[in-house]
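Here's a quick walk through this one, from the inside outwards. Have the viewer open and follow along.

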Amino acid sequence: NGLGRTRVSGCSRRPSPAARTTAHTSVGSRSAAWGIIAVMTTIVQGIQGIRDLVGQHLGHSDYVEVTQEQVNLFAEATGDHQWIHVDAERARKESPFGGPIAHGYLTLSMGPRLAPQVVRVEGVKLAVNYGCDKVRFPSPVPVGSKLRVGLELVDVSDVTGGVQVTMRLTFECEGAPKPACVADNLFRYYE
């Protein structure tokens, strides 16, 4: 591949001892790296490696189930106890969605859990979440559905001591015609 990266995938959640260490080539580096890789993961070496990926779709995470317990815990953490999220019986009877749905911000908050399955940046001193430029929730996430995230590296711009990266996170429910959430997240990486 022209970007000098190789994607590595594992076969199961519990890899055999022989599959625990898998060699792969990293972006921005000619050396091999070793590690446990659960899904297709792109390993990026340093700021130049980040720059090399601008405009690229980096892949998708595994699907994870969104549970009522997660929704209830999120409601407790945020104080958002709207019935369409936490009252499953009422939501089945009265909601246009046919049952309870996850909070939009719960969906967005799955990014830190799912994104590392897709991309990992190494060779930087510090990485910080700088915020979001744009977030939309085009369709609901029904409780019990399976959710994944796709990542696209949209832009890289220079900041003092490093770069600011715009990463588009597109959350999808398995089988849904539209994404559940599309967010342009900003990250800063410092060398």
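Start with the largest nonpolar core, which counts 34 residues in this predicted model. If you want to know who touches the most other members, pick out Leu58, Leu147, Leu151, Leu153, Val165, Met167 and Phe171. Several elements chip in with at least two residues each: the helices α1 (46-51), α2 (68-78) and α5 (104-109), plus the strands β8, β9 and β10 (181-190). Which of them gives the most? That's β9, with six residues.

Now for the charged side chains. How many salt bridges does the structure hold? There are seven. A good one to look at, given where we've just been, is the pair Glu172 and Arg148, whose side chains meet at 2.7 Å, N to O. Glu172 belongs to strand β9 (residues 162-173) and Arg148 to strand β8 (residues 146-159), so this bridge ties together parts that lie 24 residues apart in sequence. Glu172 itself is partly exposed, at 22% relative accessible area. That value sits above the 20% under which a residue would be called buried, and that is why the label is "partly exposed".

Salt bridges also join up into a network here, linking Glu152, Arg168 and Asp184.

For a contrast in sequence distance, go to helix α4 (residues 88-94). Glu89 and Lys93 pair up there, with 3.2 Å from N to O. Why can these two reach each other? They are four residues apart in α4, so about one helical turn separates them. Is Lys93 buried or exposed? Lys93 is exposed, with a relative accessible area of 64%.

Another pair is Arg120 and Glu122, with their closest N and O atoms 3.0 Å apart. Both partners land in the in-between class: Arg120 is partly exposed at 31% relative accessibility, and Glu122 is partly exposed too, at 25%.

One last stop, in a loop this time. Gln117 sits between α6 (111-114) and β6 (119-122). With a relative accessible area of 16%, Gln117 counts as buried, because the cut-off is under 20%. What does its side chain find there? A polar atom of the Gln117 side chain lies 2.7 Å from the backbone nitrogen of Asp62. So zoom in on that loop and you can see a buried glutamine whose side chain has a backbone nitrogen as its neighbour at that distance.

Terms used
Residues are numbered from 1 along each chain as its sequence is written. This is a predicted model: local features need pLDDT of at least 70, side-chain atom pairs count only at pLDDT 80 or more; totals for chains, interfaces and linings use all residues. Side-chain values use heavy atoms; hydrogens and water are left out. A salt bridge is a side-chain nitrogen of Lys or Arg within 4 Å of a carboxyl oxygen of Asp or Glu. Buried means under 20% relative accessible area, exposed over 50%, partly exposed in between (1.4 Å probe, protein chains only). A nonpolar core is a set of buried Ala, Val, Leu, Ile, Met, Phe, Trp, Tyr and Cys residues joined through side-chain atoms within 4.5 Å. A polar contact is a pair of N or O atoms within 3.5 Å; within protein, one must be able to donate a hydrogen and the other to accept it, and residues adjacent in sequence count only if both atoms are side-chain atoms.
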